[in-house]
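User: I would like a close look at one part of this structure, with its surroundings explained step by step for someone new to the subject.

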Amino acid sequence: MSNPLQGAQFVLAAHRIAQLPADHGAEVAFAGRSNAGKSSALNALTGHRGLARTSKTPGRTQQMVAFSLPPLAQGEGQPPLDVRLIDLPGYGYAKVPPELRDHWKQEIDAYLHRRRSLRGIVLITDIRHPMKEFDRMMLEFCFVTHLPCHVLLTKADKLSRNQAAQALAALRKELVAGGTQATAQVFSSSAPTGVDEARAVVMNLLGTPRDGIAHGD
């Protein structure tokens, strides 16, 4: 199966949202704790082993990193759509000064509220651990703002297939009980497991306008 995300290329790393690429077209953002496997997931999805930096030291992603994708074809008579992936700073584990951590929180909050080209969030969480406060805050934000959210339960290769299925079922039950509209799947960047499914979700998000926001805005 061809990989629609294979053309991903690094564009820039932004300390503030004002430094991100122009706010038009469509983009999907990846969010998650610093040790949840976010960079590995991005590399697996794009098929570029070194696209996003990976490290045994959590928290290496200390800026908002933008990756361009090949333009997405639209309907007849419409120009191709500029599309991107945004890697948000890992949250929670990074050994950084409190003022920098506060800056990240403020910028991520501003990004989520103001970025008109944002089409959805891919939330990365370790399948072996319960969801953390940040994860629940992100789910709540997406629910309140009607922003699609897809959860990748990463590192599924660390569990048996039955254990992974049970973890996914438990999370889906929790999402329904909480009234959120988020979707979820099992994922492993090393196995690999669920990679094609996650790619399809990302492409669907990029091609679907948000309520009240036209593609060209």
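User: Which strands and which helix do the buried residues of H1 pack against?

Analyst: Please keep in mind throughout that this is a predicted model. The buried residues of H1 pack against five strands and a helix, namely strand E2 (26–32), E3, strand E4 (81–87), strand E5 (118–126), strand E6 (149–154) and helix H5 (195–206).

To see where these neighbours belong, it helps to begin with the whole protein chain, which has five helices and seven strands. Read from the N terminus on, its elements follow the order β-β-α-β-β-α-β-α-β-α-β-α. Residues 24 or more positions apart account for 74% of the contacts in the protein chain with a separation of 6 or more. The protein chain has 217 residues, for which a compact globule would have a radius of gyration near 17 Å, and the value of 16 Å found for the chain agrees with this. Along its principal axes, the C-alpha trace spans about 50 × 40 × 35 Å.

Helix H1 itself covers residues 38–46, and because eight of its nine residues are buried, the helix is largely enclosed by the rest of the structure. Buried here means that a residue has under 20% relative accessible area. The residues of H1 that meet this condition are Lys38, Ser39, Ala41, Leu42, Asn43, Ala44, Leu45 and Thr46. In the protein chain as a whole, 47% of the 217 residues count as buried. After H1 comes Gly47, a residue whose phi is positive, near 75°.

One of the strands that H1 packs against, E3, also takes part in an aromatic pair. A pair of aromatic rings is described by the distance of the centres and the angle of the planes. By the rule that ring centres must lie within 6.5 Å, the count comes to one aromatic pair. Phe10 and Phe67 form this pair, with 6.3 Å from centre to centre and 70° between the planes, an arrangement that is edge-to-face. The pair links distant parts of the chain, since Phe10 lies in strand E1 (residues 9–14) and Phe67 in strand E3 (residues 64–72), 57 residues apart. Phe67 has a relative accessible area of 1%, so this residue is buried.

Turning from the interior to the outside, the protein chain exposes about 11,100 Å², of which carbon and sulfur atoms supply 52%. The chain carries 25 positive and 19 negative charges, and the mean positions of these two groups are 8 Å apart.

Conventions: Residues are numbered from 1 along each chain as its sequence is written. This is a predicted model: local features need pLDDT of at least 70, side-chain atom pairs count only at pLDDT 80 or more; totals for chains, interfaces and linings use all residues. Side-chain values use heavy atoms; hydrogens and water are left out. Rings of Phe, Tyr and Trp (its six-membered ring) pair if their centres lie within 6.5 Å; planes under 30 degrees apart count as stacked, over 60 as edge-to-face and the rest as tilted. Helices (H or I, at least four residues) and strands (E, at least two) are DSSP runs, numbered from the N terminus. Buried means under 20% relative accessible area, exposed over 50%, partly exposed in between (1.4 Å probe, protein chains only). Contact means heavy atoms within 4.5 Å. The radius of gyration is taken over C-alpha atoms; the globule rule is 2.2 Å times the number of residues to the power 0.38. Accessible areas come from the Shrake-Rupley method with a 1.4 Å probe; for residues, only the protein chains shown count as cover. Lys and Arg count as positive and Asp and Glu as negative; His and the chain ends are not counted. The place of a charge is taken as NZ of Lys, CZ of Arg, CG of Asp or CD of Glu.
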